[in-house]
Amino acid sequence: MEKEDFKPKHSVESLTASVFSTVFSPLLVPTYGVMAAMWLSILTLLPTGVKWSVISVTFAITCLLPLLAIITLWKLHIIKDPQLNNRTERTTPYLITFLCYLGCGFYLWRANAPVWLFALMFGGALATLICIAVNTRWKISAHMAAMGGLVALFFRIVADGVEMVSMNGWLSVVVILAGCVGASRVLLERHTLGQVLAGTAVGFLCVYLLS
């Protein structure tokens, strides 16, 4: 059964789960990915100003723009829940997010970023399209699609041999974080385990294969 309606809970576990869901929102994960790339890969050799400029533009395009759009849709009563817990209200916000991911991918491509970095955005855009299609019939986890893409980025950095630090610890951290976010979505009754696993698979495969 789909969990369309969220009933607030106040336990320590649910509060922790809410924090994980907020901190690792699909609107923030692309920025985390670019930040990781800037300090864990060969991109760390770039001037600090350049790195922060790319991070700032990524944040503006993939977080601020879609967030503003979602708030506007909510204010106009086009959607009832700005957290998009209702599957039927996700199409328009997801389409806007898709365009923002796509725009950021083209920005990174024009900025001569390596393929594995701008593929994070194009892979995210493709995963968003898949989520839109799936959501017409079944509620899939966009949070886990984003986290799956982040995990794929870390694995791609290792696979391409472009890491500048030992990645063993970082790989463990990002996989554990993905697990925590997935558990949080289930604990908050936003998704079932199947929806979480499906979202993770979609995000990982889209980013890893495109890169």
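This is a short talk about helix H8 and the nonpolar cores of the structure above.

Hi everyone, thanks for coming. One thing before we begin: this is a predicted model, so please hear every value as computed from it.

Let's start with H8, which runs over residues 193-210. From its first C-alpha to its last, this helix of 18 residues reaches 26 Å, close to the 26 Å expected at 1.5 Å a residue.

Now, which residues of H8 are buried? They are Gln195, Val196, Gly199, Val202, Gly203, Cys206 and Val207. Looking down the axis of H8, you find these buried residues within an arc of 130 degrees, so they line one face of the helix. Turn to the face that points away from the buried side, and you meet Leu193, Leu197 and Leu209, which are exposed.

And what does the buried side pack against? Its partners are helix H5 (115-135), helix H6 (142-159) and helix H7 (168-187).

On to the interior. The largest nonpolar core has 37 residues, and among those with the most contacts inside it are Trp116, Met147 and Phe154. Helices H2 (29-40), H3 (48-75) and H4 (91-110) each give two or more residues to this core, as do H5, H6, H7 and H8. The most comes from H6, with 9 residues.

Met147 is a nice one to click on. Setting aside neighbours within four places in sequence, Met147 is in contact with Phe24, Val29, Val174, Leu177, Ala178 and Val181.

Finally, another core of 15 residues lies apart from the largest one, and its members include Cys63, Ile70, Leu73 and Cys206. You'll remember Cys206 from the buried residues of H8.

That's my tour, thank you!

Terms used: Residues numbered from 1 in each chain as written. Predicted model: local features only at pLDDT ≥ 70, side-chain atom pairs only at ≥ 80, totals over all residues. Heavy atoms only, no water. Helix = DSSP H or I, 4+ residues; strand = E, 2+ residues; numbered from the N terminus. Expected span 1.5 Å × (residues − 1). Buried < 20%, exposed > 50% of the residue type's maximum accessible area, 1.4 Å probe, protein only. Arc of directions from axis to C-beta. Contact = heavy atoms within 4.5 Å. Core = buried A, V, L, I, M, F, W, Y, C linked by side-chain atoms within 4.5 Å.
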